Amino acid sequence: WLMIFDLSVDGKPTLLSRHMPSIHFPGDRKPDPAKFNFRALSVVDNLLYGCIDAGGLHIFDVTNRSAPLALGRYANPALLNKPRAYNGVAVAAGDGLAYVAVDYCGMEVINVSDPSSPTLLSWYHAPRLRA
């Protein structure tokens, strides 16, 4: 679940909204709901970028905190039905890029200049080192 709380009243968080993204993205045949948890969030200019473990990067417009709007999502198609965990996201204001850590798979740089249609710009997967 994506849950947004109002923290303006000291000691009394109030739930404003919640949204459950589909576990059927990016297309696993039999998705395991336990593998579709938010791992990281980043908010820049009323856009929320969320890494959803096996579910990729999701982008929401949170201008209206009571009704977040799902805009776009991305998961590397080369990783479909393979172990992956979208674990971290950093977005710099104004550059249109999301830097995403993907467990087992390295780092992806995703062009998010059009939040409704994120695309892979580059992918770095370091070779495994052996002792």
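Is Ser42 buried or exposed, and what is its relative accessible area? Ser42 is buried, with a relative accessible area of 13%; buried means under 20%, exposed over 50% and partly exposed in between, using a 1.4 Å probe and protein chains only.

The model is predicted, so local features need pLDDT of at least 70 and side-chain atom pairs count only at pLDDT 80 or more, whereas totals for chains, interfaces and linings use all residues. Residues are numbered from 1 along each chain as its sequence is written, and side-chain values use heavy atoms, with hydrogens and water left out.

**View 1. Surroundings of Ser42 in strand β3.** Strands are DSSP runs of E with at least two residues, numbered from the N terminus. Leaving aside neighbours within four places in sequence, Ser42 is in contact with Leu47, Leu48, Tyr49, Val89 and Val91, where contact means heavy atoms within 4.5 Å. Phe25 is 17 residues from Ser42 along the chain, and the C-alpha atoms of the two are separated by 20 Å.

**View 2. The open sheet β7-β8-β9-β10.** The four strands pair in antiparallel fashion; two strands pair if DSSP finds at least two bridges between them. β7 (85-91) and β10 (119-124) are at the edges with a single partner strand each, so one side of each has no neighbour in the sheet. Neighbouring strands are turned by 25° against each other on average, direction ignored, with axes taken as lines fitted to C-alpha atoms.

**View 3. Bridges and hairpins around β8.** Six bridges join β7 to β8, and six bridges join β8 (residues 97-103) to β9 (residues 106-111). Val100 of β8 stands opposite Val89, and the bridge partner of Val100 in β9 is Glu108. Leu97 stands opposite Asn111 in β9. The hairpin of β7 and β8 has five residues between the strands, and Gly94 takes a positive phi near 90° there. In the hairpin of β8 and β9, with two residues between the strands, Tyr104 takes a positive phi near 75°.

**View 4. The largest nonpolar core, with 20 residues.** A nonpolar core is a set of buried Ala, Val, Leu, Ile, Met, Phe, Trp, Tyr and Cys residues joined through side-chain atoms within 4.5 Å. The residues with the most contacts inside this core are Tyr49, Leu57, Tyr86, Val89, Ala98 and Val100. β3, β4 (47-52), β5, β7 and β8 are the elements that give two or more residues to the core. Outside its neighbours within four places in sequence, Val89 has contacts that include Ala40, Leu41, Cys51 and Tyr99. A second, separate core of five residues includes Leu2, Ile4, Phe60 and Val62.

**View 5. The aromatic pair of Phe38 and Phe60.** Rings of Phe, Tyr and Trp (its six-membered ring) pair if their centres lie within 6.5 Å; planes under 30 degrees apart count as stacked, over 60 as edge-to-face and the rest as tilted. The count comes to one aromatic pair. Phe38 and Phe60 are tilted, at 6.5 Å centre to centre and 45° between the planes. Phe38 lies in β3 (residues 38-44) and Phe60 in β5 (residues 56-61), 22 residues apart. Phe60 is buried, with a relative accessible area of 1%.

Definitions and conventions
Axes fitted to C-alpha atoms, helices over the stretch in contact; angles between N-to-C directions.
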